[in-house]
Amino acid sequence: MKKISMDLIRCTEAAAIAASKYIGSGDKKGADLAATEAMRNRLNKMDFCAEVVIGEGIKDDSYGLFGGERVGHRCEEMSIGTYDLACDVLEGTTPTANGGPEAISTLSITSRGHMWYTNKFYMMKMAYGQRIRDKVQLSLDDPLDETIRLIRKATNKKNHQILVCVLDRPRHSVIISLLREWGVRIKLIQDCDVSAAVAACYHDEIDLLYGVGGAPEAVISACAIKCLKGDFQGQVYEEVNKNNLGTPYGKVLQLNDIVKGECAFACTGVTNGCLVKGVKWGLRPTTESLFMRSSSNTIRRVLTEHGN
């Protein structure tokens with residue numbers, strides 16, 4: 001994976017630049033299509049063959065790299081791909097179209113057969129960083145008050161110093177009410193739970209990501225979190241909508257159930273966010289990206305000025 005590091009960054013850069021042309025346009029599908037075509041084009045120039053295990057498009061009736069699609073210019077000569085790929089070519093179509101924050105282009109990669117797959121759309125998720133993981137073991141099976149108690153123990157924080165990130169959806173009304181009752185600070189987000197999950201492991205300010213979000217996004221997030229030595233748990237949920245948490249489906253999955261072995265993660269900002277800055281247009285576009293590999297736990301922040 002080290003040999004293809006810069007090529008992966010170029011893929012998210014290309015998608016971010018293409019999507020950035022639609023910032024504030026109100027055209028979500030146009031932004032998604034432009035990002036998808038740009039990422040697919042770059043992937044197909046890479047000297048490898050990968051299969052898209054986790055993609056986007058079906059749930060939102062939009063564009064995307066779909067599950068089962070093979071990318072890379074060596075695919076014609078190879079019967080199976082060398083890598084599994086999870087991607088969200090534009091995480092944050094709504095923020096992009098509305099000129100809002102936190103939109104990114106992102107992908108994760110593992111060796112073939114090392115990436116978990118589901119055809120379900122939603123998952124209950126918990127993500128937290130190394131400073132908590134090294135001291136306590138959190139569990140989705142625990143009630144939320146026990147989770148907060150363990151975070152207090154690990155961080156030596158009081159409730160009013162703890163910050164929990166939650167998607168602002170009616171289905172989380174009970175979770176939000178409980179956190180407020182206990183005096184825990186809440187960061188409510190409208191979209192982009194990949195950025196939020198990674199930020200919970202990357203920044204000291206956010207202690208926990210908690211709640212039901214996208215299952216495809218969970219796989220991408222888990223790769224980044226493994227690179228950051230954080231921890232992640234998830235459980236698939238059925239019949240989720242904005243007003244209902246739905247029904248748990250199957251067991252609680254641990255980080256190594258979702259991502260086995262070595263992995264890598266790349267993202268590039270489309271609009272300004274907590275992980276990376278968005279595309280800046282001057283004489284030529286400038287992008288900010290993050291790249292991580294689990295084998296080294298190195299985080300590379302890449303600032304690139306692109307040709308016209």
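This is a short tour of a predicted model, from the whole chain down to one helix.

Start with the whole protein chain in cartoon view. Its secondary structure consists of nine helices and 14 strands. Turn the C-alpha trace along its principal axes and the spans are about 55 × 40 × 35 Å. The radius of gyration is 18 Å, in agreement with the value near 19 Å for a compact globule of 308 residues.

Next, show contacts. Among those in the protein chain with a separation of 6 or more, 68% join residues 24 or more positions apart.

Switch to a surface. The accessible surface of the protein chain is about 13300 Å², and carbon and sulfur atoms hold 46% of that area. Colour by burial: 57% of the 308 residues count as buried, where buried means under 20% relative accessible area.

Now select the charged residues. The protein chain has 39 positive and 37 negative charges, and the mean positions of the two sets lie 5 Å apart.

Finally, select residues 5–20, helix α1. Place a distance between its end C-alpha atoms: the value is 23 Å, and 16 residues at 1.5 Å a residue should span 22 Å, so the two agree.

How many of the 16 residues of α1 are buried? Twelve are, so the helix is largely enclosed by the rest of the structure. Show side chains to pick them out: toward the start of the list come S5, L8, I9, C11, T12 and E13, and the buried set also includes A15, A16, I17, A18, A19 and S20.

Note on methods. Residues are numbered from 1 along each chain as its sequence is written. This is a predicted model: local features need pLDDT of at least 70, side-chain atom pairs count only at pLDDT 80 or more; totals for chains, interfaces and linings use all residues. Side-chain values use heavy atoms; hydrogens and water are left out. Helices (H or I, at least four residues) and strands (E, at least two) are DSSP runs, numbered from the N terminus. The radius of gyration is taken over C-alpha atoms; the globule rule is 2.2 Å times the number of residues to the power 0.38. Buried means under 20% relative accessible area, exposed over 50%, partly exposed in between (1.4 Å probe, protein chains only). Contact means heavy atoms within 4.5 Å. Accessible areas come from the Shrake-Rupley method with a 1.4 Å probe; for residues, only the protein chains shown count as cover. Lys and Arg count as positive and Asp and Glu as negative; His and the chain ends are not counted. The place of a charge is taken as NZ of Lys, CZ of Arg, CG of Asp or CD of Glu. The expected span of a helix is 1.5 Å times one less than its number of residues.
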